[in-house]
Amino acid sequence: MAFTGATTPETGTTSTSTLTRDVYIDTLAAFNRSLVFSEYIYKQTIDGGTGGQFIVEGKEDTTDGSITTYTSGAQIDVTNGTQDERLVNLDRPYYEARRIDRFKEATSRYDVIRMQLNQIGANLAAKRDRKIAAAIEAASLATGRAGNGNGTVVVNTALPAGAAAAATPALLGDEIAESIFAAVAAIQLSDANGDVYVALNPTNYSYLVQSGKAVNADYTSSNGGFDTGKVMKVGGANVVMTNNLPATAGLIALAFTAQAAGMVELWSLNTAIDEQEDFLGAKLVSGSCCDGVGVLRPNCAVSIKNV
């Protein structure tokens, strides 16, 4: 079987040093990115087909437009209900594979296979998390269907790197907290229910911790603190930290509920090791998955931006 590319576990990626030294001390494992979006959106597994259909129930009539006063002896009028769909199609399967030569594995003084499996699994999981984040952002910019609300963008130029950015970390934290309150209110005004999550990168998360109110005992109850460097909730929203936000200009945070975006999964993330006798016992280490992510309810998503 032919392959393209090469895997060289015996050579340092940056230094090009030889990793087959006689004196081996330890392996310093990489710090994998925390995955947050995968846990908090709606997910369904399918066993065939090219995607999944989600039926969207129409929004209740808040103007009483379909309600009629009855007149004695009159025949009743009927009205039409409202409903629509969201289709989430599968993307092509994605994978990562490495072929480890038996001799190179034997002469490298660390657990080569374990490291390859760890890297492949982490890479695939992080890709999925970024796909979900992009779908949530897309939901915040999308139009609702069947009377359900649209996505929302909260703009605050006093946020970090904005045209009128606040001057200190504490003041920046106050501006982020204010914008989170606005995002939660936008979601609740559309009658969306369920837990709200707000995702921030580590720098902006740290500003929020330093806010004058987010962890202040006068305003909160066991909501984190300077000592832990954590803040649990702001405005009723669960605050999470991530390095997987989309790289959109001016994007500071994403606020969403579980139905902002949906994922259909045909193959869950899996890894495999296959020995190849035609390569003298080399090991093919691979990982793959197949899924699709798309917008479900735009009214359940908010982008917080500084422009």
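Aspartate 291 has a relative accessibility of 0%, so it counts as buried. I start there in this predicted model, and I will work outwards through the salt bridges, then a helix pair, then some loops.

Aspartate 291 forms a salt bridge with lysine 131, and the closest N and O atoms are 2.5 Å apart. Aspartate 291 is in strand E13 and lysine 131 is in helix H3, so to speak two distant parts of the chain, 160 residues apart, linked by this pair. Lysine 131 has a relative accessible area of 17%, and since buried means under 20%, lysine 131 is buried as well.Aspartate 291 has a second partner. The side chains of arginine 128 and aspartate 291 meet in a salt bridge, at 2.9 Å from N to O. Here too the pair links distant parts of the chain, with arginine 128 in helix H3, residues 112–140, and aspartate 291 in strand E13, 163 residues apart. Arginine 128 is buried, as is aspartate 291.

These pairs belong to a network. Asp91, Arg128, Lys131, Glu265 and Asp291 are linked by salt bridges. How many salt bridges are there by this rule? The count comes to seven. As general background, side chains of opposite charge can pair when their charged atoms come close.

Another of the bridges also involves strand E13. The side chains of glutamate 105 and lysine 283 meet at 3.2 Å, N to O. Glutamate 105 lies in helix H2, residues 102–107, and lysine 283 in strand E13, so this pair ties together parts that are 178 residues apart in sequence. Is lysine 283 buried or exposed? Lysine 283 counts as buried, at 18% relative accessibility. Glutamate 105, at 21%, counts as partly exposed. The cut-off for buried is under 20% relative accessible area, and these two residues are assigned to their classes on that basis.

Next, leucine 35, which lies in the segment before helix H1, residues 37–40. With a relative accessible area of 29%, leucine 35 is partly exposed. What does leucine 35 touch, not counting residues up to four places away in sequence? The list is Ala125, Ala126, Asp129 and Asn244. Leucine 35 and methionine 263 are 228 residues apart in sequence, and their C-alpha atoms are 15 Å apart in space.

Now the helix pair. The axes of helix H4, residues 169–189, and helix H5, residues 202–209, come within 7 Å and cross at roughly 95°. Angles of 65 to 115 degrees count as roughly perpendicular, and H4 and H5 are therefore roughly perpendicular to each other. On the H4 side the contact is made by Pro169, Leu172, Gly173, Ile176, Ala177 and Ile180. On the H5 side it is made by Asn204, Tyr207 and Leu208.

The loop leading into H4 has two residues to mention. One is alanine 166, placed between strand E5, residues 152–155, and H4. Alanine 166 counts as buried, at 18% relative accessibility. Leaving aside neighbours within four places in sequence, alanine 166 is in contact with Ala158, Leu171, Leu172 and Glu175. Leu172 also appears among the H4 residues that make the contact with H5. For a long-range distance, the C-alpha atoms of alanine 166 and lysine 104 are separated by 55 Å, and these residues are 62 apart along the chain.

The other is alanine 161, which also lies in the loop between E5 and H4. Is alanine 161 buried or exposed? Alanine 161 counts as exposed, at 75% relative accessibility. Its backbone deserves a look: phi of alanine 161 is near 70°, a positive value in a residue other than glycine. Most residues other than glycine have a negative phi.

Leucine 280 is a further case. Phi of leucine 280 is near 55°, again a positive value in a residue other than glycine. Leucine 280 sits in the loop between strand E12, residues 261–276, and strand E13, residues 282–295. At 66% relative accessibility, leucine 280 counts as exposed.

Last, the surface. Tyr70, Ile76 and Val78 form a nonpolar patch there, with about 390 Å² of accessible area together. Tyrosine 70 is found in the loop between strand E2, residues 51–57, and strand E3, residues 83–89. Tyrosine 70 is exposed, with a relative accessible area of 53%, and the cut-off for exposed is over 50%.

To go back to the start: aspartate 291 is buried and is bridged to lysine 131 and to arginine 128. That is all I have.

How values were computed
Residues numbered from 1 in each chain as written. Predicted model: local features only at pLDDT ≥ 70, side-chain atom pairs only at ≥ 80, totals over all residues. Heavy atoms only, no water. Patch = residues over 30% accessible without salt bridge, like charges linked within 9 Å, V, L, I, M, F, W, Y side chains within 5 Å. Areas by Shrake-Rupley, 256 points an atom, 1.4 Å probe, with all protein chains shown as cover. Salt bridge = Lys/Arg side-chain N within 4 Å of Asp/Glu carboxyl O. Helix = DSSP H or I, 4+ residues; strand = E, 2+ residues; numbered from the N terminus. Buried < 20%, exposed > 50% of the residue type's maximum accessible area, 1.4 Å probe, protein only. Axes fitted to C-alpha atoms, helices over the stretch in contact; angles between N-to-C directions. Parallel < 35°, antiparallel > 145°, perpendicular 65-115°, else oblique. Contact = heavy atoms within 4.5 Å.
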